[in-house]
Amino acid sequence: MSTARPVALVTGAAGGIGSAVVALLAKQGWAVVGVDLVEQPVTVDSVAWVAGDVRDESTVREALEAAAGLGTLRGLVTATLSEQRGALEDLDRVALAAVFDVQVAAAWSWSTAVVAAARDEASIVHISSVHAQRAGPGMAAYAMGKGALGALVRASAVEWGPRGVRCNAVLPGFVPVPRNRHRWTDTRAAEELLANHPLGRFVTAEDVAQVVAFLLGPDARAVTGVSLPVDGGMLALLPHWA
């Protein structure tokens with residue numbers, strides 16, 4: 001086995017969870033290739049950056065080339081986001097296909113590329129959501145995509161396990177990040193959200209990153225095919241009216 005520094009690719013690396021994952025992995029000794037549509041937001045030692053669309057094969061190739069220059073490819077984290085809000089009957093095929101393209105097809109494409117490049121062993125973690133197991137009004141497309149991501153996790157674990165590849169997902173609940181600031185900075189909205197958290201606090205992007213790092217690393221060597229909630233207990237809570 002190579003003793004070169006382990007490298008992880010992180011897609012959606014400029015987002016709230018993605019950036020937290022990049023920062024923690026770099027702190028733990030990984031070399032990281034961050035991938036996002038935007039240019040590198042900050043300069044961090046041991047982090048290379050690829051600006052591009054995760055759906056483009058050229059972006060995948062550029063990221064793999066960057067990884068080869070940093071060490072031995074061992075990990076992949078997909079943290080890209082795509083959603084189409086609206087009533088179920090109002091969805092159209094184009095919008096639905098776009099969500100699946102980013103959330104599922106891209107995750108599959110990057111996974112197959114990493115497995116081919118890593119050759120002997122690798123760990124893959126997809127950022128899913130509690131929406132993969134529960135439904136909310138107006139979130140059908142997002143939930144369908146995350147549900148399919150769970151199927152990809154299981155298929156990857158079964159087919160690639162004999163090659164030394166592990167594949168898991170984390171299911172964050174509500175995570176306060178800049179894009180949903182209007183919800184957690186409003187006192188009443190925040191109180192309503194927290195009422196669904198048995199732990200009594202929000203899950204942070206750093207909380208999610210800690211679980212991702214565990215699943216990527218050797219301490220989780222026997223864990224594969226799992227979709228692990230990181231939600232402050234949201235999925236465990238029985239609604240008061242049930």
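In this predicted model, helix α1 (residues 16–27) and helix α7 (residues 205–216) have axes that come within 8 Å and cross at roughly 55°. That angle makes α1 oblique to α7, and the crossing itself is right-handed. On the α1 side, the residues involved are G16, I17, A20, V21, L24 and L25. They meet A205, E206, V208, A209, Q210, V212, A213 and L216 of α7. Sorted by class, this contact has 11 nonpolar, 2 polar and 1 charged residues.

Next up is the pairing of α3 with α4. Helix α3 spans residues 93–118 and helix α4 spans residues 140–160; their axes come within 9 Å, crossing at roughly 20°. With an angle under 35 degrees counting as roughly parallel, α3 is therefore roughly parallel to α4. The crossing is again a right-handed one. From α3, the contact takes in L96, V99, F100, Q103, V104, A107, W108, S111, T112 and V115. Their partners in α4 are A141, Y142, M144, G145, K146, A148, L149, L152 and W160. The class count for α3 with α4 comes to 14 nonpolar, 4 polar and 1 charged residues.

Helix α3 also packs against α2 (residues 57–68), with axes that come within 11 Å and cross at roughly 35°. Here too α2 passes α3 in a right-handed crossing. T59, V60, A63 and L64 of α2 meet W110, A113 and A117 of α3. That contact is made up of 6 nonpolar residues and 1 polar one, with no charged residues.

Now for the cores. The largest nonpolar core has 32 residues, and the members touching the most others are V10, V21, L25, V170, V208 and V212. Two or more residues each come from β1 (6–11), α1, β3 (47–51), β5 (122–127) and α7. It is α7 that supplies the largest share, 8 residues. Some names recur from the helix pair described at the start: V21 and L25 of α1, along with V208 and V212 of α7, take part in that contact. As for V170, its contacts beyond four places in sequence include a run from V125 through I127, with H126 in between, plus S128 and S129. V170 also reaches V208, V211, V212 and L215, as well as L228 and V230. A second core, separate from this one, has 28 residues, among them V7, A106, I124 and L171.

Two individual residues round things off. A190 sits in helix α6 (residues 187–194). Its relative accessibility is 10%, so A190 counts as buried. Leaving out neighbours within four places in sequence, A190 is in contact with R183, W184 and F202. For A190 and F202, the sequence separation is 12 residues, while the C-alpha to C-alpha distance is 9.3 Å.

D231 belongs to the segment after β7 (227–230). At a relative accessible area of 7%, D231 is buried. Not counting residues up to four places away in sequence, D231 touches V130, L171, G173, H197 and V203. One of these, L171, is also a member of the second core. G217, 14 residues from D231 in sequence, lies 21 Å from D231 in space, C-alpha to C-alpha.

Technical notes. Residues numbered from 1 in each chain as written. Predicted model: local features only at pLDDT ≥ 70, side-chain atom pairs only at ≥ 80, totals over all residues. Heavy atoms only, no water. Axes fitted to C-alpha atoms, helices over the stretch in contact; angles between N-to-C directions. Helix = DSSP H or I, 4+ residues; strand = E, 2+ residues; numbered from the N terminus. Parallel < 35°, antiparallel > 145°, perpendicular 65-115°, else oblique. Left-handed = near helix turned anticlockwise from the far one by under 90°. Contact = heavy atoms within 4.5 Å. Nonpolar A, V, L, I, M, F, W, Y, C, P; charged D, E, K, R; others polar. Core = buried A, V, L, I, M, F, W, Y, C linked by side-chain atoms within 4.5 Å. Buried < 20%, exposed > 50% of the residue type's maximum accessible area, 1.4 Å probe, protein only.
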